[in-house]
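Here are a few exercises to help you find your way around a new structure. Try each one yourself before you read its solution.

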Amino acid sequence: SISAMGDWCYDLDEALPRLRANDPTLTALDLGYRSIITDRGAGLLADALRGNTALKGLHLGYNSITDRGAGLLADALRGNTALKELHLEGNEMGDEGAGRLVDGLRDNTALEVLYLMGNGIGAEGVGRLVEGLQGNTALKEVHVEARPPGLDQLLDRNARVMSDAIERRQVVFLWCVGLWGDVPVDVRQRMTRHGVWDDELATDELR
């Protein structure tokens, strides 16, 4: 968990020179819930992360980061060998941003947990994540919200791939409504039929 990753920093201006210098004591950076990082800050962080081998946890949730910022961070992730957990929930990314992250993580061998819920990622973006990360053996969890529109076609088209991802615990579905009971019955039945819903895991995540 990111909360147990050692020395924390909560300030971007302080963190940037320490990241560039590969400060071994800076292992976790929490900039979440600031609404001020935006794509500009994401770009600065991406540049500072290149070559950094110390930072293990990065929280950028709720910071108005768009698809562009996701792309900048994805570029930095390509060769990063240290970051284990990345929080990007509650931003302004869509399906394009999800696709860019997939491109950056395709050959990444370090990141284990990625949080993307609360963005504008729909069924298409979830599909790109699931399909694109099949060869990634490091990533254990991707937390996303798959909104109902288009989800049934996605499940029909990629049922086996998605089932495999769920079995590997690589994709955890969290619904924007927050409650399993509020998911439309037809979507729930389709997910259950294809084996892409884990009731036990879902209960734990939504509790």
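**Exercise 1: a pair of rings**

Tyr33 is exposed, with a relative accessible area of 58%. Keep in mind that the model is predicted.

Task: work out how the rings of Tyr33 and Tyr62 are arranged, and which parts of the chain they link.

Solution:
- Start with what to look at: a pair of aromatic rings is described by the distance of the centres and the angle of the planes.
- The structure has one aromatic pair. Its rings, those of Tyr33 and Tyr62, have centres 4.7 Å apart and planes at 15 degrees, so the pair is stacked. The cut-off you need here is that planes under 30 degrees apart count as stacked.
- Now place the residues. Tyr33 sits in the loop between strand 2 (28-30) and helix 2 (38-49), while Tyr62 sits in the loop between strand 3 (57-59) and helix 3 (67-77). With their positions 29 residues apart, the pair links distant parts of the chain.
- Finally, check accessibility: Tyr62, at 36%, counts as partly exposed.

**Exercise 2: two helices side by side**

Task: decide how helix 4 and helix 5 run relative to each other, and which residues make their contact.

Solution:
- Look at the axes of helix 4 and helix 5: they come within 8 Å and cross at roughly 10 degrees.
- Angles under 35 degrees count as roughly parallel, and helix 4 and helix 5 are therefore roughly parallel to each other.
- On the helix 4 side, the contact is made by Asp95, Glu96, Ala98, Gly99 and Val102; helix 5 brings Glu124, Gly125, Arg128, Leu129 and Gly132.
- Sort this contact by class and you get three nonpolar, three polar and four charged residues.
- Zoom in on Arg128, which lies in helix 5 (residues 123-132). Leaving out residues up to four places away in sequence, Arg128 touches Asp95, Glu96, Gly99 and Val102. Arg128 counts as partly exposed, at 34% relative accessibility.

**Exercise 3: the nonpolar core**

Task: find which members of the largest nonpolar core touch the most other members.

Solution:
- The largest nonpolar core has 42 residues, and Leu29, Leu60, Leu88, Leu114 and Leu116 touch the most other members.
- Next, see who contributes: helix 1 (12-20), helix 2, helix 3, helix 4 (95-105), helix 5 and strand 6 (141-144) each supply at least two residues of this core.
- Then follow Leu88. Not counting residues up to four places away in sequence, Leu88 touches Leu60, Gly61, Ile65, Leu73, Met93, Leu101, Leu114, Tyr115, Leu116 and Asn119.

Key. Residues are numbered from 1 along each chain as its sequence is written. This is a predicted model: local features need pLDDT of at least 70, side-chain atom pairs count only at pLDDT 80 or more; totals for chains, interfaces and linings use all residues. Side-chain values use heavy atoms; hydrogens and water are left out. Rings of Phe, Tyr and Trp (its six-membered ring) pair if their centres lie within 6.5 Å; planes under 30 degrees apart count as stacked, over 60 as edge-to-face and the rest as tilted. Helices (H or I, at least four residues) and strands (E, at least two) are DSSP runs, numbered from the N terminus. Buried means under 20% relative accessible area, exposed over 50%, partly exposed in between (1.4 Å probe, protein chains only). Contact means heavy atoms within 4.5 Å. A nonpolar core is a set of buried Ala, Val, Leu, Ile, Met, Phe, Trp, Tyr and Cys residues joined through side-chain atoms within 4.5 Å. Axes are lines fitted to C-alpha atoms, for helices over the stretch in contact, and angles run from 0 to 180 degrees between N-to-C directions. Angles under 35 degrees count as roughly parallel, over 145 as roughly antiparallel, 65 to 115 as roughly perpendicular and the rest as oblique. Ala, Val, Leu, Ile, Met, Phe, Trp, Tyr, Cys and Pro count as nonpolar, Asp, Glu, Lys and Arg as charged, and the others, Gly among them, as polar.
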